[in-house]
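Please examine the sequence and the structure below before reading on. The paragraphs that follow lead from the whole chain to its individual elements.

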Amino acid sequence: MIISKKHFLLYGLSFLFLTACSDKTKKDTANIKTVPVYKITLKDTVVSNRFVADVHAKNNVEIHVRIPGILDKVFVSEGQKVNKGQLLFKISDAELQIQLIKADAVYKSMLADLRMATVELEQAQTLFNKKVIANQELELSKAKHDAATAKVAHAAAEKRSINQQIGFTTIRAPFEGTIDRIPFKEGSLVENGSLLTTLSQLDDVYAYFSIPENIYFQMMTDNSLNTKGDIKLVLPNGIVYDRKGELKTADGEIDRQTGSIQYKAKFHNPEGFIKHGTSGKLIISEPITNAVLIPQKAVFSIQDKQFVFVVNKDGIVKMTNITIASTLDDVYILNKGLKKNDVIVQEGTQSLRDGDKINIKPMQSASL
């Protein structure tokens, strides 16, 4: 067969074209990235949030001296449990008793003066009615009677004041609780305002903690901040207290200075094991069923929005917006954006673009 120059040229060009296409196909195939993917499954999990807490007794009061004097008697010891109304301390009231006797004598004297003024006023009224004396004399008797009445009231107030001070010398427990340190011993001179001890009611304790407002609204959204959540108290030694807490509202508004809201968790403490002023950590946990969990490294952000690459059956990736509900270590729990059996790029998202084709590594089976 004779091939003309024209046909030879056409064959040559065709060969070159096919060779170029083959090289391009090989090059494009070589550029397709192989990345690991993760298939979405629904799982049950627990969302936990940790907060620093300060523990306060149900009631905690400092018992101070309200009248200076000598500490005559101490009826309790440090660490002792006492009942409401139980006698704790007695301050000497000997000088006050003497003042009370004097005040009582003055009071009785004023009463006598008042009785005399009353008799004089009655006589003056009788004489005035008979027109024996003028109105000025009657008014003078009334003035003397008013002055005597005022002096009696003043003397009675002095007696009440001294009796009140005597009452201050007897100090009783305002509620059932545990006695703290007692710095003064019997015979000590105590000044007005001196701290005698602190009384703590420890059958229940409250762990106060602050929630940043962004976390507060997130927890309210996913319902992890409610009275049914599992609340645990981690003590300073790392041990978890064996009784669960009950969430209580502490504040009704956001603190603008700190950008947080304060809550408290109530813990039953019948043995008084936890003391007032203890520090610790609270763990508030809420179980979630059929949650969508994805690896954090599968997520990338653009302008404060979160995205993943969803892979279709042909290996084409599509950038998909997601909404994150909570974070667990290296895992995100989603509110929306993905569903069961969706396949996403697990890592290597930084080298991909929307619409890219990928080769899929074997499906990841690591549990989240």
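**From surface to core**

The accessible surface of the protein comes to about 23,000 Å², and carbon and sulfur atoms account for 53% of that area. The model is a predicted one. It contains 4 helices and 20 strands, and of its 368 residues, 36% are buried. Among contacts between residues at least 6 apart in sequence, 75% join residues at least 24 apart.

One sheet may serve as the starting point. Here 4 strands form an open sheet in the order 7-6-4-9, with antiparallel pairing. Strand 7 (170–172) and strand 9 (189–190) stand at the edges; each has a single partner strand, so one side of each is left without a neighbour in the sheet. Strand 6 (residues 87–91) is joined to strand 7 by 3 bridges, and these two strands run antiparallel. Within this pair, F89 stands opposite I171 of strand 7.

Helix 3 (residues 135–168) comes next. Its 34 residues should span 50 Å at 1.5 Å a residue, and the C-alpha atoms at its ends are 50 Å apart, which agrees. Which residues of helix 3 are buried? They are L138, S141, H145, A148, V152, A155, A156, I162, I166 and F168. The cover over these buried residues includes helix 2 (94–129) and strand 7.

The sheet and the helices also bear on the nonpolar interior. In soluble globular proteins, nonpolar side chains tend to be buried together. The largest nonpolar core in this model has 24 residues, and those with the most contacts inside it are V82, L88, F89, I91, I179 and L199. Two or more residues of this core come from each of strand 4 (69–74), strand 6, helix 2, helix 3 and strand 10 (195–212). A second, separate core has 23 residues, among them A57, L247, Y263 and L282. Returning to the largest core, one may follow the surroundings of L199. Apart from its neighbours within four places in sequence, L199 is in contact with N59, N60, V61, I63, V82, A173, P174, F175, G177, T178 and I179.

Further along the chain, strand 16 (residues 305–311) takes part in two hairpins, one with strand 15 and one with strand 17. Strand 16 is mostly covered, as 5 of its 7 residues are buried. Strand 15 (residues 300–302) pairs with strand 16 in the antiparallel sense over 3 bridges, and S301 stands opposite Q306 of strand 16. This hairpin leaves 2 residues between its strands, and Q303 in the turn has a positive phi of about 50°. Strand 16 also pairs with strand 17 (residues 317–328), again in the antiparallel sense, over 6 bridges; here the bridge partner of F309 is M319 in strand 17. In this second hairpin 5 residues lie between the strands, and G315 in the turn has a positive phi of about 85°.

The last stop is L334, which lies in strand 18 (residues 331–336). Is L334 buried or exposed? Its relative accessibility is 9%, so L334 counts as buried, the limit for that class being under 20%. Leaving out residues up to four places away in sequence, L334 touches V292, I294, I322, T323, I324 and A325. One of these contacts can be placed in both sequence and space: L334 and T323 are 11 residues apart in sequence, and their C-alpha atoms are 5.8 Å apart.

Terms used: Residues are numbered from 1 along each chain as its sequence is written. This is a predicted model: local features need pLDDT of at least 70, side-chain atom pairs count only at pLDDT 80 or more; totals for chains, interfaces and linings use all residues. Side-chain values use heavy atoms; hydrogens and water are left out. Two strands pair if DSSP finds at least two bridges between them. Buried means under 20% relative accessible area, exposed over 50%, partly exposed in between (1.4 Å probe, protein chains only). Contact means heavy atoms within 4.5 Å. Accessible areas come from the Shrake-Rupley method with a 1.4 Å probe; for residues, only the protein chains shown count as cover. The expected span of a helix is 1.5 Å times one less than its number of residues. A nonpolar core is a set of buried Ala, Val, Leu, Ile, Met, Phe, Trp, Tyr and Cys residues joined through side-chain atoms within 4.5 Å.
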